[in-house]
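I open the notebook on a new fold. The plan is to go from the sheet outward, then to the helices.

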Amino acid sequence: ETGSTFLQFGLSADQQLRALFKLLEEYDWTQFGVITTSHPGHQQFLQHLEALTDSGYVGWTVRSVQHVDAADETLPSKLRGEQGTARQAGAQVRILYSSDEEAIAVLRAARQAGLTGPGHVWLLVGSALAWEPGRSAHRTPGPSPDLPRGSFTVVWAGWRDHLSQRVRDGVGVIARGAAAPARGGAGGGGGIAGDFGGGQCLGQRRLPRRESLHR
């Protein structure tokens, strides 16, 4: 994410949206409804969505934006009311932002509301949803039976590596980056550590020479 100091081990919501919007454009699905839960980042997701719909040359139409609680027992009727109105307006495509557990609950409710049958398309967005079925240790192999046939999500190239391997790779990148200035300073070639006793953290700090940057 822009301005983030954390390593990214998956796809951001913005990246997933951009990929899914290519799909919407390809099939001329210009009208859609939006459903979000309280999954962290849902407000940023809506901001990314608004930026894409406002800046694109395609005439996107957001028929409805619905915030739901995946644990709500009355969710099927709420989806039937809000999304049914969007369907009457010609939108049978829905973008869902949630965690993977919430997505299963929402889609189960959508199936009870009759919103997952033929002609209905669901685009799933969320940091935990861009996964290859069966790759993570805490998931059972294969997609959930509650996922409708017309559902799409984005799988990034790194799914071939387990999360622990991606973490090790990320730590290796940080370690090499942190060690590079120290190696350059210890040999007298400058660098960050060169100003602190020749690369030794316990050495006496050498004061920089008073030289102007502009001659």
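**Entry 1: the enclosed strand**

I looked up strand 3 and found five of its five residues buried, so strand 3 is largely enclosed by the rest of the structure. The model is a predicted one, and I keep that in mind. Next I checked which way the side chains of strand 3 point. Val93, Ile95 and Tyr97 go one way. Arg94 and Leu96 go the other way, and all of these residues are buried. This fits a general pattern: in a regular strand the side chains alternate between the two faces of the sheet.

**Entry 2: the sheet around it**

What order do the strands of the sheet have? I read 2-1-3-4-5 for an open sheet of five strands, with parallel pairing. The edges are strand 2 (61-67) and strand 5 (151-152), and each pairs on one side only.

I then went through the pairs. Strand 1 and strand 2 run parallel and share six bridges. There, threonine 36 has histidine 67 of strand 2 as its bridge partner. Strand 1 also runs parallel to strand 3, with four bridges joining the two. Isoleucine 35 stands opposite leucine 96 of strand 3. On burial, I noted that strand 1 is mostly covered, with five of its six residues buried.

Strand 3 and strand 4 are parallel too, joined by five bridges. In that pair, tyrosine 97 has valine 125 in strand 4 as its bridge partner. The chain gets from strand 3 to strand 4 through helix 4 (residues 100-112), and this β-α-β crossover is right-handed. Strand 4 (residues 121-125) runs parallel to strand 5, and two bridges join them. Here leucine 123 stands opposite phenylalanine 152 of strand 5.

**Entry 3: helices on the sheet**

Which strands does helix 1 lie across? I found that helix 1 (residues 13-26) lies across strand 1 (31-36), strand 3 (93-97), strand 4 and strand 5. Helix 1 runs at about 160° to strand 4. Helix 2 (residues 42-55) packs on the sheet as well, touching strand 1, strand 2, strand 3 and strand 4. The direction of helix 2 makes about 165° with that of strand 1. I also logged the connection: strand 1, helix 2 and strand 2 form a right-handed β-α-β unit.

**Entry 4: helix against helix**

I compared the axes of helix 1 and helix 2. They come within 10 Å and cross at roughly 35°. The crossing of helix 1 past helix 2 is right-handed. From helix 1, the contact uses Asp14, Leu17, Arg18 and Phe21. From helix 2, Phe45, His48, Leu49, Leu52 and Thr53 meet them. By class, the residues of this contact are five nonpolar, two polar and two charged.

**Entry 5: one histidine**

Last, I picked histidine 42, which lies in helix 2. Is histidine 42 buried or exposed? Its relative accessibility is 17%. The cut-off for buried is under 20%. Histidine 42 therefore counts as buried.

Which residues does histidine 42 touch, leaving out those up to four places away in sequence? My list reads Thr36, Thr37, His67 and Tyr97. I followed up on tyrosine 97. Histidine 42 and tyrosine 97 are 55 residues apart in sequence, yet 6.8 Å apart in space, C-alpha to C-alpha. Two others on the list, Thr36 and His67, I had already met as bridge partners between strand 1 and strand 2.

Methods
Residues are numbered from 1 along each chain as its sequence is written. This is a predicted model: local features need pLDDT of at least 70, side-chain atom pairs count only at pLDDT 80 or more; totals for chains, interfaces and linings use all residues. Side-chain values use heavy atoms; hydrogens and water are left out. Two strands pair if DSSP finds at least two bridges between them. Contact means heavy atoms within 4.5 Å. Axes are lines fitted to C-alpha atoms, for helices over the stretch in contact, and angles run from 0 to 180 degrees between N-to-C directions. Buried means under 20% relative accessible area, exposed over 50%, partly exposed in between (1.4 Å probe, protein chains only). A crossover is right-handed if, with the strands pointing away from the viewer, the path from the first strand over the helix to the second runs clockwise. A crossing is left-handed if the near helix is turned anticlockwise from the far one by less than a right angle, and right-handed if clockwise. Ala, Val, Leu, Ile, Met, Phe, Trp, Tyr, Cys and Pro count as nonpolar, Asp, Glu, Lys and Arg as charged, and the others, Gly among them, as polar.
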